[in-house]
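The exercises below ask the reader to trace a sheet, its crossovers and a pocket, and each one is followed by a worked solution.

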Amino acid sequence: MKSDLIDGKRYILMAISQLNKGLGHLEKDLEPENIASLDWSLLREDLSLPSAVLYQDKLLHNLHWMQQFINAYGVKLAPHGKTTMAPKLFHLQLDKGAWGITLATAHQTQVAYQYGVRRVLMANELVGKENMAIISRLLLDPVFEYYCLVDTAAQVDQLGEFYAERGQRLNVLLELGVMGGRTGVRDQAQLETVLAALLRWSNTLALSGIEMYEGVLDDETAIRAFLQRAVDVTRMLAAEKRFLHTPVLLSGAGSAWYDVVAEVFSSAGLGDAVEIILRPGCYLTHDVGSYREAQTRIFEHNPIARRMTSGLLPALHVWAYVQSVPEAEKAIVGMGKRDAAFDAGFPTPALHYRPGDATPKAVLARWMLTKMMDQHAYLQIAEGDDLRVGDMIGFDISHPCLTFDKWRVMPVLDEQYQVVDIVQTFF
């Protein structure tokens, strides 16, 4: 029995190594009971570092917190799956009450469908023959519910021609945008041309609601005005009976301004005929950069968040070894740009563990990364700090999206740093 367990452990460790190099895949071996039986521990150095890890208790806390917040406003949640591209986490979110999963591309939609997701809001325009063909194949399943965005007459005509030839009907949301932003209808003239095109293809394209993304703006006054515009357009088109889907969908919200979106949309008095869908994605793991700043703002201004007391918690770390202490005030850590996001600020050292100690401890406040290379990071310390080669550092991350996409497999740890599950990603 012990020999079998060791052989199984070696096999899965090898498979995980291959996965993180893009060389393989696992299926039933990733079941929690199989993983937990192997008795892996971060603290016993059973994992090859660097490694991105998730914390089970914090994930569950964040899931519960966001669903409770959403429920308080009487709106629905379709978390953005591009953050993790992890079907196991998609289903965790769905099981905890999510309306569906938001995605950004046809490929991502196909991955989600292959792993059992049956309601997708693709918060992006669907353009290109093969992308449209991917969705066409998925729509052969009558249970699959799918929405994409439209913002120009040219795109509407392309979708209309493609799906009319196949005798299929596609749900679309009209995307609103702002000058200087990205996609989305800018003004009334553009709105009228898109509506006219949708009317031409009304037997093929079902206008199902309104979508916008407030994250292209950074001023709350401008964001509120943009949200009110979305409410006004929804109300106008509903009165004109332009929508061909019941209920009408009204969707917005990234991970920074979801509180303002929930407040404005839920107080608009649109009634039960309109279903409000919010799409934050990074709340699941949170971060210590821009999203922590957003959470601070939310607690200062949002009454529902204040009543909930505790907020979102960072649930993602990248752990790495100290490889060298070549100078009195510098340590080199075996983690680099290949391992952790750096676009929104360098990872922040959070935990320090010396193998053999009882538990990790908080790092000294003065420790900070000053430079990252492909596989190395420069950690600034002070002369005399107790840091040795072989010590382990756990780093908080800013912008979790661009850390998830660097790992094919991420261990899930319990509060004792035991591995209790494995999450696989599909980017």
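Two strands are said to pair if DSSP finds at least two bridges between them, while helices (H or I, at least four residues) and strands (E, at least two) are DSSP runs numbered from the N terminus. The model is a predicted one, in which local features need pLDDT of at least 70 and side-chain atom pairs count only at pLDDT 80 or more, whereas totals for chains, interfaces and linings use all residues. Residues are numbered from 1 along each chain as its sequence is written, and side-chain values use heavy atoms, with hydrogens and water left out.

**Exercise 1. Establish the order of the strands in the open sheet, and state which strands stand at its edges.**

Step 1. The open sheet is formed by 8 strands with parallel pairing, and their order is β2-β9-β8-β7-β6-β5-β4-β3.

Step 2. β2 (76-77) and β3 (101-103) stand at the edges, because each has a single partner strand and one side of each is therefore left without a neighbour in the sheet.

Step 3. Helix α10 (residues 258-266) packs on this sheet, where it touches β7, β8 (248-252) and β9 (274-278), and its direction makes about 175° with that of β9. Contact here means heavy atoms within 4.5 Å, and the axes are lines fitted to C-alpha atoms, for helices over the stretch in contact, with angles running from 0 to 180 degrees between N-to-C directions.

**Exercise 2. Follow the chain from β4 to β5 and on to β6, giving the pairing and the handedness of each crossover.**

Step 1. Strand β4 (residues 119-125) runs parallel to β5 and is joined to it by 4 bridges, with L121 standing opposite Y147 in β5. Between these strands the chain passes through helix α6 (residues 129-138) in a right-handed β-α-β crossover, a term used if, with the strands pointing away from the viewer, the path from the first strand over the helix to the second runs clockwise.

Step 2. β5 also pairs with strand β6 (residues 170-176) in the parallel sense over 4 bridges, and L149 stands opposite L173 in β6. Helix α7 (residues 153-165) carries the chain from β5 to β6, again in a right-handed crossover.

Step 3. Of the 6 residues of β5 (residues 145-150), 5 are buried, which means under 20% relative accessible area, as against over 50% for exposed and in between for partly exposed (1.4 Å probe, protein chains only).

**Exercise 3. Is β7 enclosed or open, and what are its partners?**

Step 1. Strand β7 (residues 205-212) runs parallel to β6 with 7 bridges between them, and N171 stands opposite A206 in β7.

Step 2. On β8 the pairing is parallel over 3 bridges, with E211 standing opposite S251 in β8.

Step 3. Because 8 of the 8 residues of β7 are buried, this strand is largely enclosed by the rest of the structure.

**Exercise 4. Where does N62 lie, and what is it in contact with?**

Step 1. N62 belongs to helix α3 (residues 56-73), and it counts as buried because its relative accessibility is 0%.

Step 2. Apart from neighbours within four places in sequence, N62 is in contact with Y283, L284, T285, H286, L312, L313 and A315.
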